[in-house]
Amino acid sequence: MDTSNPPGGPGGGPNRVLAYLESRKNLTGSACGIAGLALTFTGLAGAYWPVVVVGLYAAGALIAPPERPAVPVFPDPSTQLDAVRTDYVALCGYLDEVELPPAASGRLTELTALLDGLLAPGPVAEALAADPEGVHVLARAVRRDVLESVDAFVRIRPWTRMVPGAEPPERHLERQLTLLHREVEELATALREAEARRQQTHTRYLEDRGRNG
């Protein structure tokens with residue numbers, strides 16, 4: 001049973017009061033009210049000093065800027081990449097237990113070698129971590145696409161003995177792994193080109209600085 005206090009429950013009132021006491025509206029209103037008290041002590045407020053103090057407090061509370069809501073904190077891409085790396089280790093453990101035909105096994109080896117290079121700690125992984133879309137592509141390949149391709153082959157393979165004449169499932173697996181390798185290779189190429197552009201930009205900057213210096 002949920003034992004936390006609802007907003008209107010016993011714990012809600014004190015929390016709301018404390019939050020208001022610390023709010024900009026109360027702090028601004030209090031500052032204006034203190035100014036009203038100063039006017040009272042100097043005799044400028046006269047007999048209506050309570051009205052002046054309350055009015056200044058209310059005016060200060062009204063003109064105070066609204067409270068800035070708390071900004072949600074989301075995991076940065078490097079943290080997400082660490083999670084993908086952990087899932088990739090689990091995926092490799094599964095793949096090690098699966099027996100595949102030679103052609104499909106070769107395509108899978110090429111794909112995992114590429115994934116190993118992208119996920120290995122170092123400059124490549126740092127460049128990948130700075131690309132949220134790249135992290136998404138890699139996470140999708142690791143967590144869904146590779147696993148689904150291999151597991152679908154494992155599940156349908158026994159049927160080929162019972163229903164001969166159908167298209168061999170290894171052909172589908174080879175095509176799937178080829179497409180996945182192409183997708184991950186394109187990601188690696190894009191990352192490399194981005195790093196190359198950065199290097200070229202720095203070269204042009206140094207050349208321009210030398211000419212203008």
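Trainee: Which residue forms a salt bridge with Arg144, with the closest N and O atoms 3.2 Å apart?

Mentor: First, this is a predicted model, where local features need pLDDT of at least 70 and side-chain atom pairs pLDDT 80 or more, while totals for chains, interfaces and linings use all residues. Residues are numbered from 1 along each chain as its sequence is written, and side-chain values use heavy atoms, leaving out hydrogens and water. A salt bridge here is a side-chain nitrogen of Lys or Arg within 4 Å of a carboxyl oxygen of Asp or Glu. The partner that forms this bridge with Arg144 is Asp145.

Trainee: How far apart are the closest N and O atoms in the salt bridge of Arg140 with Asp145?

Mentor: Side chains of opposite charge can pair when their charged atoms come close. Arg140 and Asp145 form such a salt bridge, and their closest N and O atoms are separated by 4.0 Å.

Trainee: Is Asp145 buried or exposed?

Mentor: We call a residue buried under 20% relative accessible area, exposed over 50% and partly exposed in between, using a 1.4 Å probe and protein chains only. Arg140 comes out at 27%, so Arg140 is partly exposed. Asp145 has just 16%, so the word for Asp145 is buried.

Trainee: Which residue is linked with Arg140, Arg144 and Asp145 in a network of salt bridges?

Mentor: A search of the whole structure turns up ten salt bridges. Some of them link up into a network that takes in Arg140, Arg144, Asp145 and one more residue, Glu183.

Trainee: Why are Asp151 and Arg155 separated by about one helical turn?

Mentor: Their side chains meet in a salt bridge, 3.0 Å from N to O. Asp151 is partly exposed at 26%, and Arg155 is partly exposed too, at 48%. Both sit in helix H7 (helices are DSSP runs of H or I, at least four residues, numbered from the N terminus, while strands are E runs of at least two). The turn follows because Asp151 and Arg155 in H7 are four residues apart.

Trainee: How far apart are the end C-alpha atoms of H7?

Mentor: The expected span is 1.5 Å times one less than the number of residues. H7 has 25 residues, so it should span 36 Å. The model agrees, with the end C-alpha atoms separated by 35 Å.

Trainee: What relative accessibility makes Ile156 count as partly exposed?

Mentor: Helix H7 covers residues 132-156, and Ile156 belongs to it. Residues buried in H7 include Val150 and Phe153. Ile156 counts as partly exposed because its relative accessibility is 41%.
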